[in-house]
Amino acid sequence: MKVIDHYKKLGRDAIEVIEKSMANDDLDLLSSNHAFLHDFAIWLDVLKDRPESSILKNAIKEYQLALLSNNQGMYQQAFMGLRFFLERTFVAILFSANEIELNLWKIGERDTYWNEIASMDKDNKQIQGIFSQKFCKAFFPELKNELNHFFTITTKVYRECSEYVHGNKSVIDKIPEKLEYSKELFYEWNVKADIIKRVILFAFCLRYLNQLKPDEIKQISVTISEEFKSLPQITEKIKI
Amino acid sequence: MSDLLFRTEDIPNEDILDLFVETNQDRDVIEKLKSVSPIILVGSRGVGKSFLMKVAEEELNKTFISEKVLPVYLTFNKSSLLHSSDKSQFSNWMLSLICSKVIRQLRRKGLLANLPHSINVLSGGEYSEDNLKIEEVAKLYEDSWKNPSNKIATTSIPTVDDFKDAIQEICEDLGIKRINLLIDEAAHIFRPEQQRQFFTLFRDLRSPYISCNAAVYPGVTSYGDIFQYTQDATFININRDIFSDSYIDRMREIVEKQTDADSNLLTEISRNRNNFEILAYASSGNPRFLLKSISRTAKLSSTQLNETIREFYKVELLAEHSNLSEKYPGQTGLIDWGRQFVENIILPEIQKKNISYLQGDKQTSCFIWVHKDVPQTVKESLRLLEYTGIIQEHGKGIKATNAEIGTRFLINLGCVFSQESTPSSTSLPIARNITSKRMTEFGMNNPYFKDLVDKIPDFKENDMNEILTKELAKSIDVLDLSEWIKETLKGINILTVKDILTTTEANLKTAYYVGDKRARLVKTAATTSVYEYLNG
């Protein structure tokens with residue numbers, strides 16, 4: 001078999017998996033995760049003039065590819081992409097508050113670490129990064145009681161995705177050896193994506209909501225009104 | 001979601017501090033436990049007594065090098081297995097257990113290399129690195145339920161004064177300031193004789209080198225002749241303040257800290273905030289109630305919530321109370337009356353009042369007040385309700401109508417909510433508007449008491465021997481274990497309560513998918529639940 005034929009066959013296999021994925025009787029989660037592309041685009045539009053917007057653009061591209069990977073049975077890649085999407089979006093949000101670091105990173109003078117994005121300082125037991133008291137006080141002080149909660153969810157979902165990237169054997173064993181459909185993983189990925197959608201929207205609100213102009217708030221409100229109806233601190237702000 | 005850890009005993013010591021969600025109230029209790037003065041923690045099952053003791057132990061361990069206070073945590077939960085005709089047996093058993101725990105702790109701290117002279121008194125004669133005689137005696141007692149006719153030699157057990165001298169010597173020789181005893185499940189709720197012996201020992205152990213702390217259930221009140229309630233210990237009731245502003249957030253943190261609470265569950269909690277708030281209020285400050293009800297409400301949907309409130313608080317909690325009478329047939333009258341009192345009188349009355357309060361835009365209630373001079377049997381019956389967690393003491397010496405004095409009790413909010421047809425829609429207004437000023441009062445000669453007083457004029461103590469044999473023969477289904485653990489046990493032919501006590505970790509490992517760590521977990525979880533079951 002020629003190289004060309006080899007990859008053509010793999011392509012046909014992938015399409016077969018997509019058929020199976022799409023034959024699933026419950027595609028609500030997939031649809032809502034797909035719809036998030038649209039919601040994210042609304043935020044991107046509102047934030048288009050900010051220096052960190054290029055990172056966000058790159059992140060959402062990766063999310064689309066992760067969705068595709070999951071649909072065509074490349075589960076490990078799908079989880080990797082999903083984690084990358086979370087991490088990249090958070091890098092953008094974190095650096096949005098520090099243009100020096102942002103520029104150094106853009107020119108390759110600096111790396112990023114998950115620990116600076118969201119971690120617990122071992123000594124003083126304070127949260128570092130986006131969910132820190134400092135970040136919150138600067139941008140959206142009313143959310144201070146939610147920080148711990150969202151920090152915990154974020155670190156858990158990040159770790160759960162990581163398990164598919166370099167996790168223990170029991171998780172890796174779930175991944176099929178060849179390109180084939182797994183109902184369990186298809187669903188699992190979508191559940192994680194749904195959670196990541198929520199924490200990203202929360203982080204967007206935490207960072208930007210208080211600084212948006214009324215018409216911008218109007219624009220993004222559709223992306224969060226349903227999601228955060230249980231958080232009066234946020235619903236208050238979008239009541240115009 | 002997999003299993004949440006319902007019990008402190010299932011949590012490895014090194015994880016205790018990570019799982020700890022501290023409130024000001026907790027900090028206060030822990031500081032007191034670590035201090036010199038004797039403390040007795042009182043609380044129903046699952047409110048966090050063991051947890052606070054373990055935290056105190058860990059903190060003292062961490063500061064041992066600088067502070068030189070040696071914590072020794074031990075539990076008397078195995079006391080339910082003790083029965084012999086020997087009157088001083090329980091007292092000896094307690095002392096021998098304390099001794100062996102002290103020795104173990106010294107050894108673990110690396111303080112036993114130079115074998116101080118005093119160790120000989122403590123270890124009951126010859127000191128040997130491999131086997132301590134006193135441990136053997138303690139073990140012999142523990143095993144006495146298997147063969148009640150065997151005589152056990154107790155001559156090697158030192159008296160309380162020998163014990164105190166030995167502790168003083170150890171402290172002086174090893175440069176230890178004092179030994180802090182943390183005694184969990186200190187006395188059996190249904191065995192007043194054990195309670196008397198325990199409190200007597202608690203009093204006798206007083207010394208500059210020992211500080212004694214204990215955790216007991218609310219019903220444990222037979223102090224004996226020596227122990228003085230007001231002078232010999234500070235009693236701390238550790239019910240959480242469910243009306244504090246941070247209550248809901250703290251309860252949410254307790255769930256978050258569980259390693260098995262994954263991001264799915266936490267996101268549902270985040271999305272369905274009100275439903276979580278209802279479950280947190282329903283638990284009335286009892287973390288175990290909360291974790292159990294959350295684990296069956298994984299979606300946090302209103303449908304699931306209503307189902308959980310009904311199943312857990314209306315059916316199971318009350319059934320658990322009734323089940324006490326199966327184990328303690330002697331108390332059936334008290335147990336049954338207590339349940340009826342709650343189910344037929346208190347709950348409907350509170351519901352009726354709350355409906356009218358809310359209509360009139362007034363504050364709501366979940367409290368009753370009981371006159372201090374009600375018949376003794378009524379008090380006993382209320383204590384049993386406290387033990388199960390259906391009611392909580394919320395204040396002694398409270399004035400009510402006509403300046404009469406009595407005790408205020410909080411009725412478990414889950415039980416209050418379970419009266420509602422759809423708790424998801426009507427419970428929050430009740431919970432958020434509660435005031436302790438509104439109480440349903442029960443005076444000295446309330447007509448509802450007559451039934452009970454006619455039937456049981458006096459409170460009687462139980463005969464344990466017969467009960468124990470019966471209990472040990474029961475199926476493991478009676479135990480509070482996850483289905484997975486039960487199935488695992490049954491798979492290797494462990495069918496009765498007694499089987500669990502006699503099996504080994506090695507035997508457990510023959511089960512499918514059970515390795516070293518799992519075997520330890522299963523054995524610990526299973527034995528703990530056996531003791532807890534036997535203890536009440």
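Between them, chain B and chain A bury about 1500 Å² in this predicted model, and 40% of that area lies on carbon and sulfur atoms. On the side of chain B, the residues that lose the most area to chain A are Glu256(B), Ser263(B) and Arg271(B), which together account for 35% of what that side buries. Counted by residues, the interface brings 17 residues of chain B into contact with 20 residues of chain A.

Turning to how the two chains meet, one finds 13 residue pairs in polar contact across the interface, both residues of each pair being at pLDDT 80 or more. Two helices of chain B, α10 (247-257) and α11 (263-271), each supply at least two residues to the side that touches chain A, and α11(B) gives the most, with seven residues. Sorted by class, that side of chain B has eight charged, six polar and three nonpolar residues. The count of salt bridges between chain B and chain A is four; in one of them, the side chain of Arg271(B) meets that of Asp194(A), at 2.9 Å from N to O.

Away from the topic of the interface, the reader can also follow a sheet in chain B, where five strands with parallel pairing form an open sheet in the order β2-β3-β4-β1-β5. Its edge strands, each of which pairs on one side only, are β2 (69-75) and β5 (234-237) of chain B, and from one strand to the next the twist averages 15 degrees. Within this sheet, strand β3 (residues 178-184) of chain B runs parallel to strand β4 (residues 210-216) of chain B and is joined to it by five bridges, while Leu181(B) stands opposite Cys212(B) in β4(B).

Notes. Residues are numbered from 1 along each chain as its sequence is written. Chains are lettered from A and ligands numbered from 1 in the order in which they are written. This is a predicted model: local features need pLDDT of at least 70, side-chain atom pairs count only at pLDDT 80 or more; totals for chains, interfaces and linings use all residues. Side-chain values use heavy atoms; hydrogens and water are left out. Contact means heavy atoms within 4.5 Å. Buried area is the accessible area (1.4 Å probe) that two parts lose on being put together, summed over both. A polar contact is a pair of N or O atoms within 3.5 Å; within protein, one must be able to donate a hydrogen and the other to accept it, and residues adjacent in sequence count only if both atoms are side-chain atoms. Helices (H or I, at least four residues) and strands (E, at least two) are DSSP runs, numbered from the N terminus. Ala, Val, Leu, Ile, Met, Phe, Trp, Tyr, Cys and Pro count as nonpolar, Asp, Glu, Lys and Arg as charged, and the others, Gly among them, as polar. Two strands pair if DSSP finds at least two bridges between them. Axes are lines fitted to C-alpha atoms, for helices over the stretch in contact, and angles run from 0 to 180 degrees between N-to-C directions.
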